[in-house]
Amino acid sequence: MTPTITVLERSPDGGQGLARDMPVRWALEEAGQQYEVRPVSFKAMKEPAHLARHPFGQIPTYEEDGLALFESGAIVLHIAQHSPGLLPRDANAGARAVTWMFAALSTIEPPIVEREMTMLLERDKVWYTERLPLLDTRVNDRLGQLSRRLGDGEWLDGEFSAGDLMVVSVLRRLTGEDLLNQYANLNAYVARGEARPAFKRAFEAQLKIFNASPKD
Ligand code: GTB
């Protein structure tokens with residue numbers, strides 16, 4: 001059965017492919033898997049039909065053959081476990097790829113999101129100018145550690161894997177920012193991810209939905 005995923009009807013990123021359906025689309029494209037897309041508005045996400053799919057009223061979700069999943073990481077892992085090319089066959093290498101997926105979502109992304117949210121929602125607060133450098137430092141520390149680990153490698157641990165897919169997806173949130181630009185190897189790593197044909201197909205598909213959605 002062809003899986004159906006939910007995506008934002010109109011992502012606030014203006015079509016940059018930064019919403020969390022993007023890693024799911026990318027994984028499906030890497031897997032060569034056909035999929036259907038159900039765009040949902042922010043309002044519809046909080047209505048019972050969608051809450052039945054996602055307890056927190058968010059995207060993405062994934063439905064297939066009586067299986068309903070939410071959380072982008074869990075969905076990408078499910079896709080990776082059921083198709084070749086996203087998890088190495090060797091059990092230990094596969095476990096390391098899953099480790100990078102967790103690292104992307106629970107170690108690399110949190111300081112990036114905290115900084116983003118502060119810049120978006122706390123600019124008018126008295127503590128803003130003092131807080132921002134602290135948040136920059138936290139992101140910078142993490143990027144420095146990641147940059148050292150990647151070194152001059154093409155991917156983080158041998159062949160491209162779902163771990164790279166999630167790490168690249170997270171780093172894309174910093175595209176064009178000095179914080180990322182100072183690490184030439186990380187910038188090149190993101191560019192390698194974005195150059196993959198599967199990424200390009202996923203990106204074009206999300207952009208098509210964005211362009212077709214009603215403007216506010
Ligand atoms: N942990 C969940 C996952 O990984 O699946 C988080 C899902 C999530 O935050 N989804 C967002 C959502 O549904 C859409 S991606 N929000 C509605 C809500 O919580 O009420 C949001 C998004 C848009 C744009 C950027 N960006 O520009 O960087 C990043 C994330």
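Here is a short conversation about a predicted model of a protein chain with a ligand.

Student: How is the protein chain divided into domains, and how far apart do the C-alpha centres of domain 1 and domain 2 lie?
Tutor: Happy to start there! Domain 1 is made of two stretches, 4–85 and 198–212, while domain 2 covers 91–196. Between the C-alpha centres of these two domains the distance is 21 Å.

Student: How many residues of domain 1 and of domain 2 are in contact with each other?
Tutor: Here contact means heavy atoms within 4.5 Å. By that rule, domain 2 contributes 17 residues, and domain 1 contributes 19.

Student: Now to the ligand: which pocket does the ligand take up, and which residues are the closest?
Tutor: Good question! The ligand occupies the space of the largest pocket. Around the ligand there are 15 residues. The closest of them are K46, Q58, I59, E71 and S72.

Student: How do the residues of the shell around the ligand divide into nonpolar, polar and charged?
Tutor: Let's take the groups one by one. The shell has 3 polar residues and 5 charged ones. The nonpolar group has 7.

Student: What lies 2.6 Å from an oxygen atom of the ligand?
Tutor: Two side chains are worth a look here. R20 has a polar side-chain atom 3.3 Å from a ligand oxygen atom. The 2.6 Å distance to an oxygen atom of the ligand belongs to a polar side-chain atom of K46.

Student: Which residue has a polar backbone atom 2.9 Å from a nitrogen atom of the ligand, and how much of the ligand's area does the protein bury?
Tutor: The backbone atom in question belongs to I59. Taken alone, the ligand exposes 690 Å². Of that area, the protein buries 78%.

Terms used. Residues are numbered from 1 along each chain as its sequence is written. This is a predicted model: local features need pLDDT of at least 70, side-chain atom pairs count only at pLDDT 80 or more; totals for chains, interfaces and linings use all residues. Side-chain values use heavy atoms; hydrogens and water are left out. A residue is near a molecule or strand if one of its heavy atoms lies within 4 Å of it. A polar contact is a pair of N or O atoms within 3.5 Å; within protein, one must be able to donate a hydrogen and the other to accept it, and residues adjacent in sequence count only if both atoms are side-chain atoms. Accessible areas come from the Shrake-Rupley method with a 1.4 Å probe; for residues, only the protein chains shown count as cover. On a 1 Å grid over the protein atoms alone, a cavity is a set of points where a 1.4 Å probe fits but cannot get out, and a pocket is an open set with protein on both sides within 12 Å along at least five of seven lines; lining residues have an atom within 4 Å of a point. A molecule sits in a cavity or pocket if more than half of its atoms lie within 2 Å of its grid points. Ala, Val, Leu, Ile, Met, Phe, Trp, Tyr, Cys and Pro count as nonpolar, Asp, Glu, Lys and Arg as charged, and the others, Gly among them, as polar. Domain bounds come from an automatic or database domain assignment.
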